[in-house]
Amino acid sequence: VESEGKRGVKMYVILDCCHSGTALDLPYKVQVESEGKQIKLTKSRNRPKGGAAEVLMISGCQDDQTSADSQNAAGKPAGALTTAFRQCISMNVTCSDLLVR
């Protein structure tokens, strides 16, 4: 996906599903450490050079994990990532803020 993108294209993807950690096969991986205070950036191995598009993917779990359900504000079943994202998002939040909230 990202390798074919053109300059100026921005794509934000949120995957609240099982086994989705590397679903888009992006060139870099950002991982929040378990205590939530540090962010680790690593370059993916054996991957072709990326394109000019700006792509950000937030995944609810790693490739070897299943995603969890929770309840939304109305008490209805909803994905845990989707519920957390909706609680954190605002006009003033940055991508970095989203990772650590």
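Trainee: Why is aspartate 25 called partly exposed?

Mentor: In this predicted model, aspartate 25 has a relative accessible area of 45%. Partly exposed covers values between the buried limit, under 20%, and the exposed limit, over 50%, so aspartate 25 is partly exposed.

Trainee: Where is aspartate 25 placed, and what is notable about its phi?

Mentor: Aspartate 25 is in the loop between S1 and S2. Its phi is near 55°, a positive value in a residue other than glycine. Histidine 19 is likewise found in the loop between strand S1 (10–15) and S2, and histidine 19 has a positive phi of about 55° although it is not a glycine.

Trainee: What makes histidine 19 count as partly exposed?

Mentor: Its relative accessibility is 49%. Exposed requires over 50%, and therefore histidine 19 counts as partly exposed.

Trainee: How do you know that cysteine 61 is in no disulfide?

Mentor: The structure holds zero disulfides. For cysteine 61, the nearest cysteine sulfur, that of cysteine 18, is 5.7 Å away. A disulfide needs two cysteine sulfur atoms within 2.5 Å, so cysteine 61 does not form one.

Trainee: Why are cysteine 61 and cysteine 88 called buried?

Mentor: Buried means under 20% relative accessible area. Cysteine 61 has 8% and cysteine 88 has 15%, so each is buried.

Trainee: Which residues make the nonpolar surface patch?

Mentor: Tyr28, Val30, Ile39 and Leu41 make this patch of about 390 Å². Strand S2 (28–32) and strand S3 (39–43) each supply at least two of its residues.

Trainee: What makes isoleucine 39 eligible for a patch?

Mentor: A patch residue must have over 30% relative accessible area. Isoleucine 39, in strand S3, has 39% relative accessibility, so it passes that cut-off.

Notes:
Residues are numbered from 1 along each chain as its sequence is written. This is a predicted model: local features need pLDDT of at least 70, side-chain atom pairs count only at pLDDT 80 or more; totals for chains, interfaces and linings use all residues. Side-chain values use heavy atoms; hydrogens and water are left out. Patches are made of residues with over 30% relative accessible area and no salt bridge: like charges are joined within 9 Å, nonpolar side chains (Val, Leu, Ile, Met, Phe, Trp, Tyr) within 5 Å. Accessible areas come from the Shrake-Rupley method with a 1.4 Å probe; for residues, only the protein chains shown count as cover. A salt bridge is a side-chain nitrogen of Lys or Arg within 4 Å of a carboxyl oxygen of Asp or Glu. Helices (H or I, at least four residues) and strands (E, at least two) are DSSP runs, numbered from the N terminus. Buried means under 20% relative accessible area, exposed over 50%, partly exposed in between (1.4 Å probe, protein chains only).
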